[in-house]
Amino acid sequence: MRPCSVTQWTNLHQSESLAQAFPSCTPRFSSARDTKGVPDMANSLKANVRLMAKDEIREEKEEAKEIDDTLEEPTEEEEEEDEEERKARAAAEEAAARERAAQRQHMTVEELVQTERNYLKHLQLCTVTIHSNLQKLQPPPPNLENMFQNIDEVMDVSSRLLSLLDQAQTHHSDPKYLETLCESFLSLSQDIEMAYKEYLANYNNITSLENSYKQKEALWAEMVRTIKSSAPDVNASTLSFFLVMPVQRIARYPLLLQTIQKHTDPQHPAYLILEHAAHTAVQINCRINEYKRFREVADKYKKTENLTIKDKINRLSGHSIAKKTARLSQYIKHETGMVPKLKDEEFDALAGFFFVLERGVSELHANMEAYLHYLQRFLSCSPEEADLDLEGEKTALFSKEITVALRQWIYPSYENRLKTLVFKPLCSLQELMAGPRNLIRKRQDKLLDYELIEEKSNLNFDEQAIANTYKTMNTLLLTELPQFNGKALQLLWATLEAFSCLQRDLAADMEQLATSFTHQLPHSYLETGEFWKWAETSVLEGSRRMESLCQSVQDELNAPIVQAPNPICEQRLKALTAKHGSEKIYQLTGPVVGTRDLDLTLSKGELVAVVSEMDTRGDRRRWLVDAGGPRGYVPASKLTRYHQLTVDPPQSPHLNVMPTGPGPRRHSYTPGAQPLPTIVTTPCFQVYAGYDFMARSGQELSLRAGEPVRVVEPHDKRGNKEWSLVEARGKRGYVPSNYLAILPSVIASPTFPYR
C-alpha cells in the first residue's frame with residue numbers, strides 16, 4: 001500500500017472533525033428504507049473532498065519544487081566535478097571511436113591484401129590450368145589465345161605488388177605496414193595503369209569471342225565441362241567468371257584506399273601518402289576509362305571496308321546525303337578562300353611525317369616484292385646445264401659446282417631469311433598503316449562537320465555528339481600518332497638493318513664457297529706480283545667486254561622511236577591534241593608496267609596527254625596522263641615532250657615510188673644524174689636515220705642518227721631493197737635500208753626498221 005503524505009493525513013483529519021462538528025449533516029442509516037436517495041449526497045460530498053485534496057496536492061508540489069530548486073543549486077566544487085566527469089566520458093567515447101576506427105582500418109587493409117592474393121590465385125588458375133585443359137580439346141576452340149590477351153601483364157603487376165608487401169616483413173597491425181602498402185602501390189601505379197588499360201580496352205573482344213563460342217552448342221558444353229572439372233572449388237562455368245575479375249579489381253582499389261583513409265587518423269604518419277595513393281587510384285581509373293573511350297572511337301573509324309557500289313548505294317539516306325553535301329560545301333569554301341580553314345600546326349606536322357613514312361614503307365615493300373620476284377626467276381634458271389665455253393676443264397667443273405651450291409643451298413636459305421626478317425615485317429607494317437590513315441581522313445571529315453557548329457552557343461544532342469567525336473579523334477591522334485610514328489620508324493630502321501646484315505651474310509657465304517675452290521685453280525699458285533698482274537689483265541679485259549656490251553645496249557635503248565603508219569593511232573593523236581592541246585602531248589621513252597593502283601601499263605613510244613604533273617599526294621614523280629581512253633599515272637622520268645613535225649608538201653621526204661609499168665627496174669643513182677620518178681606524197685610521216693652511218697665510197701652517204709632524209713629509191717640499181725637511195729643536206733647517196741626509220745606523227749612503238 002502506498003503511504004499517505006502529510007497533506008493527505010491532514011485532509012483526512014479535517015474530514016473527521018467536520019463530521020463530529022455537524023452530526024446532523026452526517027448521514028445515518030437505520031434501515032434499508034432510510035437509505036433511499038442518500039447515494040447522490042454521498043457522491044457529491046466525496047467529489048468535493050477529492051477536489052479539495054487535488055488542490056492541496058498541487059500546491060504542495062509547487063512548494064516542493066521550489067524547495068528542490070533551492071536545494072539543487074550546485075556549488076563550484078560540484079560544477080568542477082561534473083566538468084571532469086563529462087571530460088572523462090568524452091575521452092572514453094573518443095578512445096572507443098579511435099579503437100573502432102583502428103579496427104576498421106586494420107580490417108580494410110587485411111581485406112585489400114587478402115583479396116589481392118585470392119584474385120591472383122584465381123587468375124593463375126584460369127590462365128594455367130583451365131587454359132591448358134581447353135587447349136587439349138579436339139578440336140581446340142578457335143582463337144582461344146585472344147581470350148587471354150594482356151592478362152599476363154595484369155598478373156605480373158599483381159604478383160609484384162604482393163611481393164613488395166611480403167618483403168616488408170611487418171604485420172598488418174603495424175603502422176609502418178600502411179606506409180609500405182601505399183609506397184608499393186604508388187611505385188607500381190604506372191605499370192598498373194598500362195597493364196589494366198590494355199586489358200580493359202580489349203575486354204569487349206573477349207566477351208564477343210565468348211559469345212561466339214556459345215553459338216556452338218557442342219563446343220560450349222565441352223568448354224563448360226572442362227572449366228568445372230578444372231576448378232571444382234570455384235563455382236564457375238564460364239571463362240568470363242575469371243576474366244571479368246581485372247575489370248572489377250581495378251575499380252576496387254580506390255574504394256578500398258578511400259575506406260582506409262576514412263578510418264585513419266589525420267595525425268597518422270602515413271596519412272599524407274595514403275591520401276596521395278587514394279587520389280592516384282582514382283586518377284588511374286579515370287585515365288583508363290578515357291583510354292577505353294578513345295579505343296572504341298578508333299576501332300569504329302579505323303576499319304577499312306571493301307564495299308561494292310550496290311552496298312554504297314544501299315547505305316545512302318537523306319541524312320547521309322545532307323551530311324556529305326554540307327561537307328562538300330564547307331570544303332569548297334575553304335578552297336576558294338571564303339571561309340578560313342581551322343589549322344592545327346602540331347597535327348599537320350604529325351600527319352605529314354606519317355604520310356612520308358607511309359610512302360617510304362610502301363615503296364620499300366614494292367621494291368622488296370620485286371626483288372623477291374626476280375630472285376625467284378634467277379633461281380629458276382639452270383646455267384650449270386648449259387655449255388658456257390669456259391677455258392679449262394677445272395674451271396667449268398668448279399663453275400658448275402658453285403652454281404649448284406648457290407641455287408640449292410645459299411640462295412634458298414637467303415630467300416627464307418629475307419622473307420622472315422624483312423618482307424613479312426614490312427607487310428605487317430604496311431597493314432598497320434591503314435588504321436591511322438583512315439583515322440586521319442575521318443578526322444578531316446569530322447573537322448568539316450565541327451566547323452559548321454563551332455560558333456553556335458547552344459548545341460543540341462546530335463551537334464554535341466559531333467563536337468565530342470571530333471575532339472576525341474583529335475586528342476587521340478595527337479596522343480597516339482607520335483608514338484606510332486616513332487615505333488614505325490624504329491621497325492623500318494630495324495628492317496633495313498636486317499636487310500644489310502643478310503646481304504653481308506650472303507657475301508660471306510659466297511666468299512667461303514669460292515675460297516674452297518680457288519686453291520685448286522692454276523692461278524692460285526702464282527707469285528703475288530704475277531697473280532695481281534694476271535688479275536688486273538683479266539679485269540681489264542672483262543671491263544672492255546662489259547663496256548662493249550653496255551654500249552650496244554645503250555645504242556639499242558637510244559634508238560629512235562618509230563612505228564609504221566596507223567590510221568587508228570592518227571585518230572587517237574588528233575583526239576588528244578584537240579582535247580588537251582599539242583603542248584600537253586608527251587611520248588614514252590621506255591615501257592611502263594603498272595605496279596600500283598591507277599598505274600598504267602604502256603609501251604615504249606606511246607603518246608599520251610599530261611593531265612596533271614603530280615599525283616593526289618603532291619608527288620611530282622608520278623604524272624596523271626590520258627592515254628586516249630584510260631587515265632592513270634606513269635613515272636615522269638619516262639616522259640618526254642613530243643614535237644610534231646610539219647613538212648612542206650613539195651619537199652615531202654616520204655616517197656612511195658610507183659613503177660610506170662612492167663619491165664626492168666629503174667636505174668639507180670649515178671653521180672651527176674637525178675632521176676625523176678613518179679611519186680605519191682604522204683606528208684604525215686617523216687623518215688629519219690635510225691643510226692649513225694659512215695660512207696665507205698663515193699656512192700654512199702654519211703648520216704647521223706636522228707637526221708631527216710628523203711627517200712629517192714627504196715632499192716639499189718639491182719633491185720636490192722637492203723640499200724636505199726636517199727637525199728640529205730642537198731646530197732644523195734646509198735645507205736642501208738635497215739638504218740632508216742619512219743617517225744609517225746602518232747603513237748610510236750619500239751624500234752622498227754624501215755623497208
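**Entry 1. Helix α12 against helix α18**

I began with the contact between two helices: Tyr291, Arg293, Phe294, Val297, Ala298 and Tyr301 of α12 meet Thr469, Thr472, Met473, Thr475, Leu476 and Glu480 of α18. The model I am reading is predicted. I then looked up the geometry of the two elements, α12 being residues 271–301 and α18 being residues 461–518. Their axes lie 10 Å apart, and the packing angle is about 100°. Since angles of 65 to 115 degrees count as roughly perpendicular, I recorded α12 as roughly perpendicular to α18.

I stayed with α12 for one polar residue, asparagine 285, which lies in this helix. Is asparagine 285 buried or exposed? I noted a relative accessible area of 15%; asparagine 285 is buried because the limit for that class is under 20%. Beyond its neighbours within four places in sequence, asparagine 285 is in contact with Ile250, Ala251 and Pro254.

**Entry 2. The chain as a whole**

I looked up the totals next. The chain holds 20 helices and 10 strands. It has 755 residues, of which 33% are buried. Of the contacts between residues at least 6 apart in sequence, 69% join residues at least 24 apart.

**Entry 3. Nonpolar cores**

In soluble globular proteins, nonpolar side chains tend to be buried together. I therefore searched for nonpolar cores, and the largest has 60 residues. Which residues have the most contacts inside this core? I listed Met147, Tyr196, Leu239, Phe242 and Leu243. Helix α3, residues 76–135, supplies the largest share of the core, with 10 residues.

I followed leucine 243 further. Leaving aside neighbours within four places in sequence, leucine 243 is in contact with Cys126, Met147, Phe148, Ile151, Tyr199, Tyr203 and Ile206. Another core, of 41 residues, lies apart from the largest one, and I noted Leu350, Ala405, Leu439 and Met473 among its members. Met473 had already appeared in my first entry, on the α18 side of the contact with α12.

I also checked valine 244, in the loop between α10 (240–243) and α11 (245–262). Valine 244 has 22% relative accessibility and counts as partly exposed. Its C-alpha atom is separated by 9.4 Å from that of threonine 207, although the two residues are 37 apart along the chain.

**Entry 4. Aromatic rings and charges**

How many aromatic pairs are there? I recorded 14. One of them joins tyrosine 199 and tyrosine 203, with ring centres 6.4 Å apart and planes at 40°, so I classed the pair as tilted. Both tyrosines are among the contacts of leucine 243. Tyrosine 199 is buried at 0% relative accessibility, and tyrosine 203 is buried with a relative accessible area of 16%.

I then examined phenylalanine 241 and phenylalanine 242, an edge-to-face pair at 5.2 Å centre to centre with 85° between the planes. Phenylalanine 242, at 0% relative accessibility, counts as buried, whereas phenylalanine 241, at 33%, counts as partly exposed. Phenylalanine 241 is thus outside the buried class, because that class requires under 20%. Elsewhere I found Phe354, Phe355 and Phe484 in one aromatic cluster.

For charges over rings, I noted two cases. The charged end of arginine 443 sits over the ring of phenylalanine 347, at 3.7 Å from the ring centre. The charged end of arginine 622 sits over the ring of tyrosine 633, at 4.5 Å from the ring centre.

**Entry 5. Backbone exceptions**

Most residues other than glycine have a negative phi, and most peptide bonds are trans. I looked for departures from both tendencies. Where is a cis peptide bond found? One joins glutamine 138 and proline 139, with omega of about -10°. Proline 139 lies in the loop between α3 and α4 (144–147).

Asparagine 143 is found in that loop between α3 and α4 as well, and I recorded a positive phi of about 55° for asparagine 143, which is not a glycine. Arginine 729 also has a positive phi, near 55°. I placed arginine 729 in the loop between β8 (723–728) and β9 (731–736). Its relative accessibility of 48% makes arginine 729 partly exposed, because the exposed class begins over 50%.

Methods. Residues numbered from 1 in each chain as written. Predicted model: local features only at pLDDT ≥ 70, side-chain atom pairs only at ≥ 80, totals over all residues. Heavy atoms only, no water. Phe/Tyr/Trp six-rings, centres within 6.5 Å; stacked < 30°, edge-to-face > 60°. Buried < 20%, exposed > 50% of the residue type's maximum accessible area, 1.4 Å probe, protein only. Lys NZ or Arg CZ within 6 Å of the ring centre and 35° of its normal. Core = buried A, V, L, I, M, F, W, Y, C linked by side-chain atoms within 4.5 Å. Helix = DSSP H or I, 4+ residues; strand = E, 2+ residues; numbered from the N terminus. Contact = heavy atoms within 4.5 Å. Axes fitted to C-alpha atoms, helices over the stretch in contact; angles between N-to-C directions. Parallel < 35°, antiparallel > 145°, perpendicular 65-115°, else oblique.
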